[in-house]
Amino acid sequence: MAVWVLSSLLLVMAAAAATPVVNGDGGGLTVGFYRESCPDAEAIVRKVVADAVRNDPTTNAPLLRLHFHDCFVRGCDGSVLINSTETNTAEKDAKPNHTLDAFDVIDAIKEKLERKCPGVVSCSDILAIAARDAVSLASKAVTGRRWSKASNMYEVETGRRDGRVSSAKEAATNLPDSFDGIRKLTTRFASKGLDLKDLAVLSGAHALGNTHCPSMAKRLRNFTAHHNTDPTLDATYAAKLRRQCRSAGDNTTELEMVPGSSTTFDAAYYRLVAERKGMFHSDEALLRNAVTRGLVYEYMRSEESFLRDFGVSMVNMGRVEVLTGRQGEIRRTCALVN
Ligand code: HEM
């Protein structure tokens with residue numbers, strides 16, 4: 001009897017270890033996973049992020065975006081950080097990832113953590129913690145508080161392990177496109193276990209950062225046979241953007257997502273979307289569904305609900321298809337499989 005119980009238990013444990021988790025109850029992730037194995041892990045991440053952002057306030061945006069691009073391809077497994085090799089083109093080299101940045105900040109964090117607790121903290125967890133810290137730091141200016149652990153926007157779950165596979169093709173097919181409409185976005189998010197509310201609130205990440213012309217210039221000229229300009233974009237705003245982006249191939253001009261406040265994390269993005277001044281077709285798509293439209297107006301009215309819901313949806317996104325337990329590995333260098 002005891003042998004039967006033990007072997008059933010082992011089977012259940014083996015099945016759990018082999019099944020990637022999509023969303024749900026945290027799927028093996030916990031708040032404070034490194035409490036005993038590397039007690040200073042979160043403090044080390046926070047210090048490196050804070051130093052980087054102090055040096056250059058625009059660093060918070062790419063740190064947030066890296067975690068999103070990681071989670072949407074093979075789950076939050078650090079695969080976005082792996083370098084291409086002679087035989088494999090990795091996610092990093094896929095077109096939508098050409099404008100990713102802040103890899104050096106992740107490397108600096110990993111180096112410090114490896115010195116303190118070798119082989120313990122995964123690169124995927126570093127991405128999740130750094131994203132949380134970047135966004136908390138950017139919202140500090142709004143609340144006027146001094147930044148400390150207590151002013152983190154949300155508690156980040158940890159315990160992810162790193163994947164060993166990274167494919168540019170998978171990045172190209174899984175990442176949302178800035179010209180996607182609401183149906184496509186809904187399907188893409190649903191395929192990651194994320195719902196319309198997650199879509200509406202996570203799009204608010206575009207309160208931070210910049211874009212390059214190729215991501216939106218198609219909206220400004222020869223949009224379709226019937227419309228020279230994307231009809232979902234405010235005409236006066238389109239004229240202003242046209243003066244900034246002289247051509248769709250202009251790779252060097254950067255435009256602030258939210259003019260004048262692109263290093264501050266607040267609900268200003270939703271006001272722009274409501275005024276049809278969102279940077280991307282995908283931002284304006286939020287007005288094409290009753291649920292997402294309702295949330296645009298709610299967050300425009302209440303920054304408090306936006307900041308609260310953003311934390312909840314970041315935790316949801318951080319649970320996508322994670323590797324835990326004995327799956328994957330803890331990479332020694334984030335850009336290289338062990
Ligand atoms: C809903 C679908 C989304 C689409 C289609 C999309 C698309 C894009 C594009 C095209 C850019 C600009 C790239 C460039 O030209 O430089 C961008 C920037 C950015 N995205 Fe998204 N995004 C989406 C959702 C998200 C989510 C969920 C997050 C984070 C939770 C996020 C965070 C960011 C940030 C922070 C930037 C600015 C990056 C920087 O300044 O370096 N995005 N996004």
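**Figure 1. Pro-176 and its contacts in the predicted model.** Leaving aside neighbours within four places in sequence, Pro-176 is in contact with Leu-185, Arg-188 and Ser-282. This close-up, like the others here, comes from a predicted model. Look for Pro-176 in the loop between helix 6 (168-174) and helix 7 (182-190). Pro-176 counts as partly exposed because 19 other C-beta atoms lie within 10 Å, and a residue needs 20 or more to be called buried. In UniProt, an unreviewed entry has a "binding site" annotation that covers Pro-176.

**Figure 2. Asp-266, another position with a UniProt annotation.** The unreviewed UniProt entry also places the feature "binding site" at Asp-266. You will find Asp-266 in the loop between strand 4 (254-256) and helix 10 (268-274). Is Asp-266 buried or exposed? Asp-266 is buried, because 21 other C-beta atoms lie within 10 Å.

**Figure 3. The shell around the ligand.** Here we turn to the ligand and its surroundings. There are 24 residues around the ligand, and those that come nearest are Ala-61, Thr-99, Ala-205, Gly-209 and Ser-215. By character, the shell divides into ten nonpolar residues, ten polar ones and four charged ones. Which elements each supply at least two residues of this shell? They are helix 3 (60-71) and strand 3 (210-212). Helix 3 gives the most, with five residues. Both domain 1 (2-176) and domain 2 (198-315) take part, and the shell draws at least three residues from each.

**Figure 4. Val-73, a buried loop residue.** Val-73 sits in the loop between helix 3 and helix 4 (103-116). Val-73 is buried, because its C-beta has 29 others within 10 Å. Not counting residues up to four places away in sequence, Val-73 touches Ser-79, Val-80 and Glu-91, and also Glu-170, Ala-171, Asn-174 and Leu-175. It is worth picking out Lys-169 in this view as well: Val-73 and Lys-169 are 96 residues apart in sequence, while their C-alpha atoms are 9.9 Å apart in space.

**Figure 5. Gly-32 and Thr-158.** Gly-32 is found in the loop between strand 1 (30-31) and helix 2. How many residues separate Gly-32 and Thr-158 in sequence? The answer is 126 residues, yet the two are 6.6 Å apart in space, C-alpha to C-alpha. Gly-32 is partly exposed, because 14 other C-beta atoms lie within 10 Å. For the protein as a whole, take the contacts between residues at least 6 apart in sequence: 78% of them join residues at least 24 apart.

**Figure 6. Helix 2 and helix 13, end to end.** A quick check with a ruler works well for this pair. Helix 2 (residues 41-55) has 15 residues, so at 1.5 Å a residue it should span 21 Å; its end C-alpha atoms are 22 Å apart, which agrees. Helix 13 (303-318) has 16 residues, so the expected span is 22 Å, and its end C-alpha atoms are indeed 22 Å apart. In helix 2, the buried residues are Ala-41, Glu-42, Ile-44, Val-45, Arg-46, Val-48, Val-49, Ala-52 and Val-53. In helix 13, the buried residues include Phe-306, Leu-307, Asp-309, Phe-310 and Met-314. To set these two helices in context, the protein has 13 helices and four strands, and 44% of its 338 residues count as buried.

**Figure 7. Two residues with positive phi, Asn-222 and Glu-321.** Phi of Asn-222 is near 45°, a positive value in a residue other than glycine. Asn-222 has its place in the loop between strand 3 and helix 9 (235-244). Asn-222 counts as exposed because it has 10 C-beta neighbours inside 10 Å. Glu-321 is not a glycine either, and its phi is also positive, at about 45°. Where is Glu-321? Its place is in the segment after helix 13. Glu-321 counts as buried, because it has 20 C-beta neighbours inside 10 Å.

Terms used: Residues are numbered from 1 along each chain as its sequence is written. This is a predicted model: local features need pLDDT of at least 70, side-chain atom pairs count only at pLDDT 80 or more; totals for chains, interfaces and linings use all residues. A residue is near a molecule or strand if its C-beta atom, placed from the backbone, lies within 6 Å of it. Ala, Val, Leu, Ile, Met, Phe, Trp, Tyr, Cys and Pro count as nonpolar, Asp, Glu, Lys and Arg as charged, and the others, Gly among them, as polar. Domain bounds come from an automatic or database domain assignment. The expected span of a helix is 1.5 Å times one less than its number of residues. A residue is buried if 20 or more other C-beta atoms lie within 10 Å of its own, exposed if 12 or fewer, and partly exposed in between; C-beta atoms are placed from the backbone. Two residues are in contact if their C-beta atoms, placed from the backbone, lie within 7 Å. UniProt positions are given in the numbering used here, feature names are shortened, and annotations may be inferred rather than shown by experiment.
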